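Look over the chain below before reading on. The report starts with one helix and then works outward.

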Amino acid sequence: MSTQSSINEVQPYSLEGKVAIVTGASKGIGKAIAVDLADAGAKVVLAARSLNVVEQAAVDIRETGAEAIAVPTDVTDVTAVKNLIHTTVDTYQNIDILINNAGNGIFGTVDEFDPADWDSVVNSNMKGVFLCVKYALPHLLANGGGQIINVLSVAAKVAFPASSAYCAAKAGALALTKVIATEVRNKNIRVTAILPGSVETPFWDDIPQHPDFEKMLKPEHVSNVVLSICQQPLGMVTEEVVVMPPLGIL
Ligand SMILES: NC(=O)c1ccc[n+]([C@@H]2O[C@H](COP(=O)([O-])OP(=O)(O)OC[C@H]3O[C@@H](n4cnc5c(N)ncnc54)[C@H](OP(=O)(O)O)[C@@H]3O)[C@@H](O)[C@H]2O)c1
């Protein structure tokens with residue numbers, strides 16, 4: 001005989017009125033995720049460094065009738081991340097979902113790679129995840145649970161030439177994701193790593209030798225997966241998803 005709690009464990013989780021932070025939400029995959037979560041009824045907090053771009057992304061969402069705010073944030077900066085979390089809680093009272101998506105890519109062989117570029121890539125892709133989880137976690141716990149979804153890359157598992165910082169950062173962020181999952185799984189917080197292959201976004205704008213845009217995923221392919229994970233029933237967790245273009249590694 002089904003009880004109400006066992007029914008809830010297999011029903012889709014409604015995002016109506018839930019509060020979701022999306023980092024790197026001004027463009028590309030993060031913006032598509034913010035739009036999809038807002039369409040599903042979530043109140044969305046968009047974070048990225050470029051004030052005007054992230055503000056415009058939030059305006060675009062509000063024009064659909066959904067609730068959204070922009071909080072200019074560098075996820076590598078402790079003070080900025082604390083401000084992101086405080087502003088979210090001040091505005092919407094709690095946090096249900098944290099999507100760590102912000103990240104950059106700088107490419108070059110190890111012998112020619114600038115140490116400052118190493119710091120930039122490792123800090124945005126890995127330290128940013130640590131900081132956002134660290135400061136959001138008390139609020140997820142106070143709220144009785146929630147979800148953390150980290151948008152990583154197949155580069156967490158596949159060695160690409162001229163990609164040392166990016167592969168190391170994504171592999172580190174995958175390890176970090178698994179550690180966080182072990183720490184919070186008994187506290188009603190579900191943690192997911194998403195590992196996309198190539199996606200047609202502004203990520204590639206400054207990279208002359210990129211794969212064929214025609215063969216890449218679209219941002220909406222990844223955001224659809226993120227949305228479905230956010231809506232998954234309470235009685236399950238999707239720990240890791242690899243999302244690839246049909247032709248695989250391009
Ligand atoms: N495109 C691909 O082929 C691909 C494939 C697999 C995984 N990914 C991953 O997917 C995520 C999103 O990538 P994308 O393709 O959508 O890239 P994108 O179009 O370049 O967007 C990146 C977003 O992250 C923000 N960002 C970068 N550094 C940040 C920082 N330190 N603090 C806060 N925000 C920051 C950017 O805004 P600001 O610059 O204004 O801060 C922007 O909103 C990244 O983690 C990327 O590694 C991308």
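Against which elements do the buried residues of α4 pack? They pack against three strands, β1 (19-23), β2 (43-48) and β3 (68-72), and against the helix α5 (115-142). The model is predicted.

## Helix α4

Helix α4 covers residues 78-92. Its 15 residues should span 21 Å at 1.5 Å a residue, and its end C-alpha atoms are 21 Å apart, so the two values agree.

Five residues of α4 are named here as buried: V81, L84, I85, T88 and Y92. They cover an arc of only 85 degrees around the axis, which means they sit on the same side of α4. The other side of α4 carries V78, T79 and D90, which are exposed.

## The sheet

What is the order of the strands in the sheet? It reads β3-β2-β1-β4-β5-β6-β7. The sheet is open, has 7 strands and pairs in parallel. Its edges are β3 and β7 (240-243), each of which pairs on one side only. Direction ignored, neighbouring strands are turned by 15 degrees against each other on average.

Helix α5 lies across four strands of the model: β1, β4, β5 (146-151) and β6 (189-196). Against β4, α5 runs at about 180 degrees.

## Strand β1

Is β1 enclosed or open to the outside? Here 5 of the 5 residues of β1 are buried, so the strand is largely enclosed by the rest of the structure. V19, I21 and T23 point one way from β1. A20 and V22 point the other way, and all are buried. In a regular strand, side chains alternate between the two faces of the sheet.

β1 pairs with β2 in the parallel sense, over 5 bridges. In that pairing, V19 has K43 of β2 as its bridge partner. β1 is also joined to β4 (residues 97-100) by 3 bridges, and these two strands run parallel. There, I21 is bridged to L98 of β4.

## Helix α2

Helix α2 takes in residues 28-39, 12 residues in total. From first C-alpha to last it reaches 17 Å, close to the 16 Å expected at 1.5 Å a residue.

How many of the residues of α2 are buried? The count is 11 of the 12, so α2 is largely enclosed by the rest of the structure. The buried residues are G28, I29, G30, K31, A32, I33, A34, V35, D36, L37 and A38. Among them are two charged side chains by name, K31 and D36. Just after α2 comes G41, with a positive phi of about 105 degrees.

## Positive phi outside glycine

Most residues other than glycine have a negative phi. Q93 has a positive one, near 75 degrees, and is not a glycine. Q93 follows α4 and sits in the loop between α4 and β4. Is Q93 buried or exposed? Q93 has 11 C-beta neighbours inside 10 Å, and therefore counts as exposed.

A162 is another residue other than glycine with a positive phi, near 60 degrees. Its place is the loop between β5 and α6 (164-184). With 16 C-beta neighbours inside 10 Å, A162 counts as partly exposed.

## The whole chain

The chain holds 7 helices and 7 strands. Along the sequence they follow the pattern α-β-α-β-α-β-α-β-α-β-α-β-α-β.

How does the radius of gyration compare with that of a compact globule, and what is its value? For 250 residues a compact globule would have a radius of gyration near 18 Å; the chain has 18 Å, so the two agree. The C-alpha trace spans about 60 × 40 × 35 Å along its principal axes.

Of the 250 residues, 45% count as buried. Among contacts between residues at least 6 apart in sequence, 71% join residues at least 24 apart.

Conventions. Residues are numbered from 1 along each chain as its sequence is written. This is a predicted model: local features need pLDDT of at least 70, side-chain atom pairs count only at pLDDT 80 or more; totals for chains, interfaces and linings use all residues. The expected span of a helix is 1.5 Å times one less than its number of residues. A residue is buried if 20 or more other C-beta atoms lie within 10 Å of its own, exposed if 12 or fewer, and partly exposed in between; C-beta atoms are placed from the backbone. The arc is that of the directions from the helix axis to the C-beta atoms. Two residues are in contact if their C-beta atoms, placed from the backbone, lie within 7 Å. Two strands pair if DSSP finds at least two bridges between them. Axes are lines fitted to C-alpha atoms, for helices over the stretch in contact, and angles run from 0 to 180 degrees between N-to-C directions. The radius of gyration is taken over C-alpha atoms; the globule rule is 2.2 Å times the number of residues to the power 0.38.
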